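Here's a quick briefing to read alongside the model. Have a look at the chain first, then we'll go through confidence, one helix and the cores.

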Amino acid sequence: MRKKFIVLGLVLWAISGCAPKDTAGSEQTQESKKAQESSELLKGEATKDYVTEVRAENGELFHYTVLKGWVERVDKNSELFVTTAEEGLSLFIEDKMDYVDFASWQNTIVNTYESMGYQFVEQGEPVEVHGMSGVEMVLEGDTEGVKHKALAYLLEAKQNFVQVYASTKPSQFDANREKLKEAASSLKKAEGQVTD
């Protein structure tokens, strides 16, 4: 799990425009980079909201509404990764069978973030997202010296625990908090699925 968080931080750091850019690269290098970047996109920037399916390893199905202006990207460490020029959101799903209960899973998440040097600004505020109850947290951290601030929802679904992690630069967090909340609240359990 720790590897997932480190990779998430590095990806968010890179897409936020903070990563060093090669300004003196050859034309061939630039074309190669463009090809690589386009292959990392699942779809282009959303011109309107659309729904994408997210399936947990145990088969539980979720629907996530990708909001207008966000881009769905490939990320091998999360079940879903969407970004804008200033924000990023990752979805992590873990089977409930791997934990005693919600509290033990929450403690594992908190301890993991703390061991990585994150500071909790807000912790444990109750939240409900489309019938999934849980907690809302705000945390700050850095990846290789670049700071970011995140809104995280820890939610309980029928078969899984779900973490929705939406982040941006600390200087933009307050202005973008409602946008992050809207993106984080765009996850729903799929209706009508048989999950036994």
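Residues 28–39 keep a pLDDT (the predictor's confidence in each residue, from 0 to 100) under 50, and the model gives this stretch four contacts (heavy atoms within 4.5 Å) beyond four places in sequence. This is a predicted model, where local features need pLDDT of at least 70, side-chain atom pairs count only at pLDDT 80 or more, and totals for chains, interfaces and linings use all residues. Residues are numbered from 1 along each chain as its sequence is written, and side-chain values use heavy atoms, leaving out hydrogens and water.

**Confidence**
- Mean pLDDT for the protein comes to 83, with 77% of its residues at 70 or more.
- Residues 9–26 sit below 50, and this stretch has 29 contacts in the model beyond near neighbours in sequence.

**Helix α3**
- Helices here are DSSP runs (H or I, at least four residues), numbered from the N terminus.
- With 14 residues (102–115), α3 should span 20 Å at 1.5 Å a residue (times one less than the number of residues), and its end C-alpha atoms agree, being 20 Å apart.
- Its buried residues (under 20% relative accessible area, 1.4 Å probe, protein chains only) include Phe-102, Trp-105, Ile-109 and Tyr-113.
- Down the axis of α3, the buried residues fall within an arc of 160 degrees (directions from the helix axis to the C-beta atoms), so they line one face.
- Gly-117 follows α3 and has a positive phi, near 90 degrees.

**Nonpolar cores**
- A nonpolar core is a set of buried Ala, Val, Leu, Ile, Met, Phe, Trp, Tyr and Cys residues joined through side-chain atoms within 4.5 Å.
- The largest has 30 residues, of which Phe-62, Tyr-64, Leu-89 and Val-164 touch the most other members.
- Helix α4 (residues 170–184) contributes the most to this core, with four residues.
- A second, separate core has 18 residues, including Phe-92, Tyr-118, Leu-154 and Phe-161.

Notes:
Helix = DSSP H or I, 4+ residues; strand = E, 2+ residues; numbered from the N terminus. Buried < 20%, exposed > 50% of the residue type's maximum accessible area, 1.4 Å probe, protein only.
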